[in-house]
Amino acid sequence: MNHEVSGFSKLSKIEKINWIAQNYFSEPKVAVALLQNYWNSDEKLQQLHDEFIENTISNFYLPLGIAPNFNINGKNYTVPMVIEESSVVAAAAKSAKFWSNRGGFKTTVLNTEKIGQVHFIYKGDTSKLDTFFKQTKSKFYSETESITKNMQKRGGGILDIVLKDKTSDLENYFQLHATFETKDSMGANFINSCLEQFAKTLKAEAQNYAPFSEEEKNIEVVMSILSNYVTNCIVRAEVSCPVAALAEKHIENPTEFAEKFVRAVQIAEIEPYRAVTHNKGIMNGVDAVVLASGNDFRAVEAGAHAYASRNGKYSSLSHAKIENGIFSFWLEIPLALGTVGGLTSLHPLVKLNLEILEKPSAQQLMQVVAAVGLAQNFAALRSLTTKGIQEGHMKMHLNNILNQYHATGEERIKVLEYFKDTTISHASVAEYLELLRK
């Protein structure tokens, strides 16, 4: 069946829903009712959500959870997390509580530079281009003053612009490589506006540069765009304590646990197949807070995984050691985040979440996010190196299975009691429910 459609974006919201329902569902009325069931009853609030993106037909809910007891640099945080995966919030909260009694998380923002580039093709004498750039550089600043004025008042702006010769990688390819400070804003729109003006200035000034030949004057700008690979926007989070202090209910031999934990991290440092899953665990915590704070988790993911490959091989973002009887566990991660602008000032729940975090600056939010990522990684490695990952995960997943089979209240009580000391699997829960129902 051909489902091609013209002018879809011009249809009303109801018309879009009806088109989808008629073309893709055997029971169109049921599909329409389901989509409308997720609309907010507050029309103004629903309109706000509708206008975040194009062709909106409904809302897609994810759970908003809370992980308390995060002691970060001596201050206690209660952290909002948005995620659908069972056990992530519970694991983060458990790690937070564990480390709150052992000195908490120590975090440091190492740098906050953002990067943007104008990618262009220049066919000619490289030395002439270099001289041209040096003579023109001040104009890149002066001709973006209308864009940078407000950012400069907040202590941000353009930090530097350099010309990069990339012709060894691609014929005739050069860059204007610019660095920015955007303070509490993530700064994507600010950076991209500056870059597009750089491109206009570059082309216009080249046309009027007498030493250039006609071919050299015709610089081709391919694109002007920020980079999500923010190698100079790094935050470090660390926990440490005497090895003996690691002892708790499930860690009866802290020395053995610490040594096994360090080996698990070392494996993730050298084995990419393990490192990907290891880092995914970190990102479970990172993404959940990034989403809750209205930031771009796709950009953060891309930057983090690129950073994990910066030495030519994909490796762990976190590291661990035992030195002089002290266990240390830390990570360094690139995080370009904002607490003003974008969804942070529009989405009501994002504003609420930032209130819960006590209205952090961008640097404070970076530190919270890094601490949660480290906490999540600690929880996963503690489970993996002690009782295994599935026991805790499946206990959290049990509710999802019971919901899938529409278990009654009485059935839930019996299932929870039965699986208190029995291995949980989807099949075993289904089988036990079937037995109960007979």
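Searching the whole structure, a predicted model, turns up one cavity of 30 Å³ or more. The largest cavity holds about 60 Å³ of space, while the largest pocket has a volume of about 1600 Å³. Helix H11 comes up again and again below: H11 gives the most to the lining of the largest cavity, is among the elements lining the largest pocket, and lies across strands E8 and E10.

**The cavity**

- Start with the walls: Met186, Asn228, Val230, Ala299, Val300, Gly303, Ala304, Pro334 and Ala336 line the largest cavity.
- H11 puts four residues into that lining, the most from any element.
- Sorted by class, the lining of the largest cavity has seven nonpolar residues and two polar ones, with no charged residue.

**The pocket**

- The largest pocket, with its volume of about 1600 Å³, is lined by 50 residues.
- If you want to look at its middle, Phe52, Leu291, Leu343, His347 and Val350 are the lining residues closest to the centre.
- Six elements each supply at least two residues of this lining: helix H3 (43-50), H7, strand E7 (220-227), helix H10 (272-292), H11 and helix H12 (348-356).
- The class split for the pocket lining is 28 nonpolar, 19 polar and three charged residues.

**The sheet with E8 and E10**

- Four strands, in the order E3-E8-E10-E9, make an open sheet with antiparallel pairing.
- Strand E3 (106-109) and strand E9 (318-323) sit at the edges with a single partner strand each, so one side of each has no neighbour in the sheet.
- On average, neighbouring strands here are turned by 20° against each other, ignoring direction.
- Inside this sheet, strand E8 (residues 234-242) and strand E10 (residues 326-334) pair antiparallel over nine bridges.
- To check the register of that pair, look for Cys241, which stands opposite Phe327 in E10.
- Helix H11 (residues 297-307) lies across E8 and E10 and runs at about 120° to E10.
- Helix H13 (residues 362-385) lies across E3, E8, E9 and E10, and its run makes about 125° with E10.

**The sheet with E5 and E7**

- Another open sheet of four strands goes E5-E6-E4-E7, again with antiparallel pairing.
- Its edges are strand E5 (157-165) and E7; each has a single partner strand, so one side of each is left without a neighbour in the sheet.
- E7 also turns up in the pocket, where this strand supplies at least two residues of the lining.
- The average turn between neighbouring strands of this sheet is 15°, direction ignored.
- E5 and strand E6 (residues 173-181) are joined in the antiparallel sense over eight bridges.
- In that pairing, Leu163 stands opposite Leu176 in E6.
- Helix H5 (residues 126-142) packs on this sheet, touching strand E4 (114-121), E5 and E6, with its direction at about 170° to that of E5.

**The E1-E2 hairpin**

- Strand E1 (residues 64-72) and strand E2 (residues 75-82) pair in the antiparallel sense over seven bridges.
- Two residues separate the strands of this hairpin, and Asn73 takes a positive phi near 55°.
- Ile72 stands opposite Lys75 in E2.
- Elsewhere in the pair, Ala67 stands opposite Val79 in E2.

**Helices H6 and H7**

- When two helices pack, the angle between their axes and the distance between the axes describe the arrangement.
- For helix H6 (residues 145-153) and helix H7 (residues 188-207), the angle is about 145° and the axes are 10 Å apart.
- H6 and H7 cross with left-handed sense.
- From H6, Ile147, Thr148 and Met151 meet Phe190, Ser193, Cys194 and Gln197 in H7.
- That contact is made up of four nonpolar, three polar and no charged residues.
- H7 has a part in the largest pocket too, supplying at least two residues of its lining.

Conventions
Residues are numbered from 1 along each chain as its sequence is written. This is a predicted model: local features need pLDDT of at least 70, side-chain atom pairs count only at pLDDT 80 or more; totals for chains, interfaces and linings use all residues. Side-chain values use heavy atoms; hydrogens and water are left out. Two strands pair if DSSP finds at least two bridges between them. Axes are lines fitted to C-alpha atoms, for helices over the stretch in contact, and angles run from 0 to 180 degrees between N-to-C directions. Contact means heavy atoms within 4.5 Å. On a 1 Å grid over the protein atoms alone, a cavity is a set of points where a 1.4 Å probe fits but cannot get out, and a pocket is an open set with protein on both sides within 12 Å along at least five of seven lines; lining residues have an atom within 4 Å of a point. Grid points are joined across faces, edges and corners, and a volume is the space filled by probe spheres set on the points. Ala, Val, Leu, Ile, Met, Phe, Trp, Tyr, Cys and Pro count as nonpolar, Asp, Glu, Lys and Arg as charged, and the others, Gly among them, as polar. A crossing is left-handed if the near helix is turned anticlockwise from the far one by less than a right angle, and right-handed if clockwise.
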